Each structure stands twice: as C-alpha cells, then as structure tokens.
Amino acid sequence: MSLRQRVGLKFKDEIEFLKGWKRDRAAVGAITPTSVATAARMADVIQPNSGLPVLELGPGTGVITKAILKRGVDPRDLISVEYSPEFCRHLRQEFPSVDVRCGDAFALDLTLGAQRDTTFDCVISAVPLLHLAPEKRLALVLDLLERVPVGRPVVQITYGLLSPVVALPAGYEIRHLAFSIRNIPPAQLWMYSKSAKREPLKQTR
Ligand SMILES: C[S@@+](CC[C@H](N)C(=O)[O-])C[C@H]1O[C@@H](n2cnc3c(N)ncnc32)[C@H](O)[C@@H]1O
C-alpha cells in the first residue's frame, strides 16, 4: 500500500468531515471531528445497563458513535440522527447495526417515526447550537428532556464559553460536565436534566 493510501486510510474520517464542513459550514459547525478523549468523556454519562436505548444527535463521521459503542451500548440500542445524507451513508457503512436516521434533530417526532415515544437512557448531542436563536436551542433541550427519565442527562458539546442554553424553567438543571482542552477547538461539555417529574411541556414538541 502506498504512503498516500495509508495516509488516506488513517485520516479517512477527518477528510470526510472536512468535505462535510465545506458543503455546509453552519450545520457541521467545527472544522475537525471531536477528539477521542472528548467523545469518551461524553459517553461516560451513559448507563449501559439501564435497559434503555441511547439517542445521539449529529454523529457526523461517527467519533462519538464509536465512543458510545465502546462504553458498552449494543449497536441495536443506539439511534443516531444525522442531517447530512453524505454522513448518513458513511455512518451506515461504518456502523451497520446502528439505527442511523437521516433527519432533523429539531423535528424528532418525524425523524423517530414509530420510535417517537421511546424513553432513552440519555441524549448525546453534537448538533451545533450557537448559530441558532436562543428560543430554538431552549425548545430543543426541553424536547430532549421529555425523552429521558428524571435525573438522566442530555449532554451537549459546544465551543463557546457559556452553555448554549443559559437558563431552564424551574425543576430543570444545567451542569457543567467538562472543559476539554484535548479537542480542536477546545470544547465545553454541558449537561441538562429534569430534577422532578412534571407534565410534558406540550408546546415544545
Ligand atoms: C460539529 S459536527 C459533530 C460531528 C461529530 N459528532 C463529531 O463530534 O465529530 C455537527 C454534526 O451535526 C449535524 N447536524 C447539524 N444540524 C443537524 C440537525 N438539525 N439534525 C441532525 N444533525 C445535524 C451535522 O451534519 C454534523 O454532522
């Protein structure tokens, strides 16, 4: 195998990612994939023996997907929602047993179809939020929190200093999970959860 082929194989994900970034910079949001260390930190929150599936948003080329599986999640218990058809094709090749849904994280009922009422152990999200209006970010987080049990997290990666959602209604919590310097660019990880049982916030779904 030539050096060029070897380099191509080693950086396959990075090259795919860069192509995706060139196609749609706002949706992809970062110029390189999340680092393995950061992905592992996000996947750490999963309870692999909860008996519940995991929901991943914005898997891109699958760095975080890989970390989720490495954490012990059965691929059939993972639904990964990705907007870009090119990334979806790549993900289906790399992870044939993962349920890759090519769709919009902001229209989850539609994207999840028959699984729309599934309760997930947690949500691991890399969907870029900072270019969106604060109301749209808040609506997404509240929607996601209706899909996980009380106390279980929605984890979001971001490149800003602050949480992309700065405040949640009473009964919800925002916690800083980690600052990951081993990432280009350095990333912040935030966790959102419900602290009490409540009626679903119908207007957000
Ligand atoms: C910053 S990249 C993260 C990719 C990968 N998870 C990683 O950590 O390297 C954001 C990903 O979210 C996807 N995305 C953006 N908006 C989305 C949406 N509304 N629904 C689903 N995926 C979306 C993009 O196509 C891209 O793959």
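## Exercises: the ligand and its surroundings

In this predicted model, a backbone N or O atom of Ala105 lies 2.9 Å from a nitrogen atom of the ligand. The exercises start from that contact.

**Exercise 1.** Decide whether the Ala105 pair is a polar contact, then find how much of the ligand's accessible area the protein covers.

*Solution.*
- Step 1. Take the distance: 2.9 Å, from a backbone N or O atom of Ala105 to a ligand nitrogen.
- Step 2. Apply the cut-off. A polar contact is a pair of N or O atoms within 3.5 Å, so this pair qualifies.
- Step 3. Turn to cover. On its own, the ligand has 600 Å² of accessible area, and the protein covers 96% of it.

**Exercise 2.** Find the atoms that Thr34 and Pro59 offer to the ligand.

*Solution.*
- Step 1. Start with Thr34. Its side chain places an N or O atom 2.3 Å from a ligand oxygen.
- Step 2. Go to Pro59. Here the partner is a polar backbone atom, 3.1 Å from a nitrogen of the ligand.
- Step 3. Sort by origin. Thr34 uses its side chain, whereas Pro59 uses its backbone.

**Exercise 3.** Describe the site: where the ligand sits, which elements contribute, and what classes of residue surround it.

*Solution.*
- Step 1. Locate the ligand. The largest pocket holds it.
- Step 2. Find the contributing elements. Helix H3 (25-28) and strand E2 (78-82) are the elements that each give two or more residues to the shell.
- Step 3. Count the shell. The ligand is surrounded by 20 residues, and the closest are Val28, Thr34, Gly58, Glu82 and Asp104.
- Step 4. Split the shell by class: 14 nonpolar, 4 polar and 2 charged residues.

**Exercise 4.** Is Ser180 buried or exposed, and which side chain does its own side chain contact?

*Solution.*
- Step 1. Place Ser180. It belongs to strand E6 (residues 172-180).
- Step 2. Read its relative accessible area, 11%. Buried means under 20%, so Ser180 is buried.
- Step 3. Find the partner. The side chain of Ser180 makes a polar contact of 2.7 Å with the side chain of Thr38.

**Exercise 5.** Classify the peptide bond from Ile184 to Pro185 and place Pro185 in the chain.

*Solution.*
- Step 1. Recall the background: most peptide bonds are trans.
- Step 2. Check omega. For Ile184 to Pro185 it is near -10 degrees, and the bond is cis.
- Step 3. Place Pro185. It lies in the loop between E6 and strand E7 (187-194).

**Exercise 6.** Ala39 and Phe87 each have a partner further along or back in the chain. Find how far apart each pair is in sequence and in space.

*Solution.*
- Step 1. Take Ala39, in helix H4. At 0% relative accessible area, Ala39 is buried.
- Step 2. Pair Ala39 with Ala67. They are 28 residues apart in sequence, yet their C-alpha atoms are 5.8 Å apart.
- Step 3. Take Phe87, in helix H6 (residues 85-94). Phe87 is buried too, at 2% relative accessibility.
- Step 4. Pair Phe87 with Thr61. They are 26 residues apart along the chain, with 6.0 Å between C-alpha atoms.

**Exercise 7.** Compare the burial of Leu55 with that of Asp44.

*Solution.*
- Step 1. Place both. Leu55 is in strand E1, while Asp44 is in the loop between helix H4 (36-43) and strand E1 (54-57).
- Step 2. Classify Leu55. Its relative accessible area is 0%, so Leu55 is buried.
- Step 3. Classify Asp44. Its value is 43%; partly exposed covers the range between 20% and 50%, so Asp44 is partly exposed.

Technical notes: Residues are numbered from 1 along each chain as its sequence is written. This is a predicted model: local features need pLDDT of at least 70, side-chain atom pairs count only at pLDDT 80 or more; totals for chains, interfaces and linings use all residues. Side-chain values use heavy atoms; hydrogens and water are left out. A residue is near a molecule or strand if one of its heavy atoms lies within 4 Å of it. A polar contact is a pair of N or O atoms within 3.5 Å; within protein, one must be able to donate a hydrogen and the other to accept it, and residues adjacent in sequence count only if both atoms are side-chain atoms. Accessible areas come from the Shrake-Rupley method with a 1.4 Å probe; for residues, only the protein chains shown count as cover. On a 1 Å grid over the protein atoms alone, a cavity is a set of points where a 1.4 Å probe fits but cannot get out, and a pocket is an open set with protein on both sides within 12 Å along at least five of seven lines; lining residues have an atom within 4 Å of a point. A molecule sits in a cavity or pocket if more than half of its atoms lie within 2 Å of its grid points. Helices (H or I, at least four residues) and strands (E, at least two) are DSSP runs, numbered from the N terminus. Ala, Val, Leu, Ile, Met, Phe, Trp, Tyr, Cys and Pro count as nonpolar, Asp, Glu, Lys and Arg as charged, and the others, Gly among them, as polar. Buried means under 20% relative accessible area, exposed over 50%, partly exposed in between (1.4 Å probe, protein chains only).
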